[in-house]
Amino acid sequence: MDRITIVGGVPLKGAIPISGAKNSALKLMAASLLSAEPLTLENVPQLADTRFMAQLLASLGVTVEWPRLSSTAYLEAKEIASTIAPYDQVRKMRASFNVLGPLLARAGHATVSLPGGCAIGARPVDLHLKAFEAMGADILIEAGYVKAAALRGLKGATIAFPFVSVGATEHAMLAAVLAHGDTELRNCAKEPEIADLAACLNAMGAKVSGAGTDIIQIQGVSSLKAARHAVMPDRIEAGTYAIAAAAATGDVLLKGAQYEHIAALMEKLKLAGVESETSPEGVRVRRADAALAPVDIDTDPYPGFPTDLQAQFMALMCRADGVSTIKETIFENRFMHAPELTRLGANISVHGSEAVVTGVKALVGAPVMATDLRASVSLVIAGLMAEGETTVNRVYHLDRGFERLVEKLAACGAQVARLGE
Ligand code: EPZ
């Protein structure tokens, strides 16, 4: 299995182009199932997860034209050839579950494996299923599969989510665009990926308004048409490299990053002593070789501090001059990076959903591994700060969500390499 080695202590200087957002692209790709006409997506990141979604869509009948080096994917679902997403596919990538809503809306039925838990928590899908039931679908859970049917079509409904869920908001939108009548979604997630999904659906002829606010209104339409849409820049990738630049006392332009998408992070970085400025090209992040101040964070739904940047920020705080507290409020088990950071010499104690990080004078490189994508990249960031060589194993986690990670860091001077077995 491939691994990444990093020799720490080298400042990062240069520009990093920010790729299209994985977590947006996956839902936009699923949207192709809604229409018999082609959906052309630009700025699609070449990642293990997006490739995997393309394969799943192809197995459902979508014609996919997406050359290996291209960021433009052409997806055409003239006919739905299968309405089944098997366990093996949903187990490998939870976002596969997102084909359920579009299949149900377009074909009137679907059988999709329940995703099950994952390394960061139990992650149930009850809110997704309740939304489909409110739209008139019959849902049966049998042998680990969700069997959903709405043979005469879905009906518009008013759905108030009991708490904010990105996935449930998006999934309900994906189904409601083809429902008979109007749908109102309340207590919606406000992540920028949701506004991106609405923009794409509207380009396809859907009638979605309010995305990015608490209440989303959708007027159902009978069919959708051909469209072209560019995936938004990946705010988590941008935030990760902002933290990497801070960690490595760097000066990096995050090309294409949108400041407002990462404002919660940038405010915390400012408190830590990291400077940033916006320009038409993106966001520039700079840290002089001075001590980092300790900063507390609580993760929260957007516009709060993203859970997907928590591990990376924790890595940074390992070298702060004092004690910081990191509270995870979205997922119940998202501190698996803490023991690995400790192997590099960090001082972290975890108490339930709270981690206390006491900054240390130095981290020292070591072999490490992590169990999920963001945790893995937090170890890369720690490696940039550590003395000597850090080896991050299980690189396949990084391949799921960071396009050309090694190349992007190396182009800014990092001593980083990918090694095969
Ligand atoms: C999305 O997951 C992202 N994944 C996650 O990114 C991200 O961490 C998360 O949103 C929060 O921002 C994708 O977009 C593919 P939620 P999602 O529904 O939609 C609970 C990454 O590293 N919940 O907002 O699954 C759930 O267990 C990934 O790229 C229910 O209880 O997140 C969690 O505690 C990791 N029932 C909370 O809500 C439900 O039906 C928020 O989850 C749905 C969710």
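## Helices α6 and α7

In this predicted model, helix α6 contributes V166, T169, E170, M173 and L174 to a contact with helix α7, where the partner residues are E193, I194, L197, A198 and L201. By class, this α6–α7 contact comprises 7 nonpolar, 1 polar and 2 charged residues.

Helix α6 covers residues 166-176 and helix α7 covers residues 192-203; their axes come within 10 Å and cross at roughly 10°. Angles under 35 degrees count as roughly parallel, and α6 and α7 are therefore roughly parallel to each other.

## Helix α8 against helix α12

Helix α8, formed by residues 235-247, packs against helix α12, formed by residues 373-385, at an angle of about 20°. The axes of α8 and α12 are 9 Å apart. Because of this angle, α8 is roughly parallel to α12. The crossing in which α8 passes α12 is right-handed.

On the α8 side, the contact is made by I236, T240, I243, A244 and A247. These residues meet R374, V377, I381, L384 and M385 of α12. The contact of α8 with α12 divides by class into 8 nonpolar, 1 polar and 1 charged residues.

## Helix α8 against helix α9

Helix α8 also packs with helix α9, which spans residues 263-272; the angle is about 10° and the axes are 10 Å apart. The small angle makes α8 roughly parallel to α9.

In this contact, G239, A242, I243 and A246 of α8 meet L265, M266 and L269 of α9. The class count is 6 nonpolar and 1 polar, with no charged residues. I243 of α8 takes part in the contact with α9 and also in the contact with α12.

## Ligand surroundings

There are 20 residues around the ligand, and those that come nearest are D126, S165, D308, I330 and R374. R374 is also one of the α12 residues that meet α8.

Oxygen atoms of the ligand take part in polar contacts with two side chains, those of R374 and K22. For R374, a polar side-chain atom lies 2.7 Å from an oxygen atom of the ligand. For K22, an N or O atom of the side chain is 3.0 Å from an oxygen atom of the ligand. The backbone is involved at P124, where a polar backbone atom is 3.2 Å from a nitrogen atom of the ligand.

## Backbone features in loops

Most residues other than glycine have a negative phi, and most peptide bonds are trans. Two loops depart from these patterns, at A143 and at the bond between Y302 and P303.

A143 is not a glycine, yet its phi is positive, at about 50°. A143 is located in the loop between β8 (138-142) and β9 (145-149). The peptide bond that joins Y302 and P303 is cis, with omega about 10°. P303 belongs to the loop between β18 (297-298) and α10 (310-317).

Key: Residues numbered from 1 in each chain as written. Predicted model: local features only at pLDDT ≥ 70, side-chain atom pairs only at ≥ 80, totals over all residues. Heavy atoms only, no water. Axes fitted to C-alpha atoms, helices over the stretch in contact; angles between N-to-C directions. Helix = DSSP H or I, 4+ residues; strand = E, 2+ residues; numbered from the N terminus. Parallel < 35°, antiparallel > 145°, perpendicular 65-115°, else oblique. Left-handed = near helix turned anticlockwise from the far one by under 90°. Contact = heavy atoms within 4.5 Å. Nonpolar A, V, L, I, M, F, W, Y, C, P; charged D, E, K, R; others polar. Near = heavy atom within 4 Å. Polar contact = N/O pair within 3.5 Å; in protein donor to acceptor, adjacent residues only side chain to side chain.
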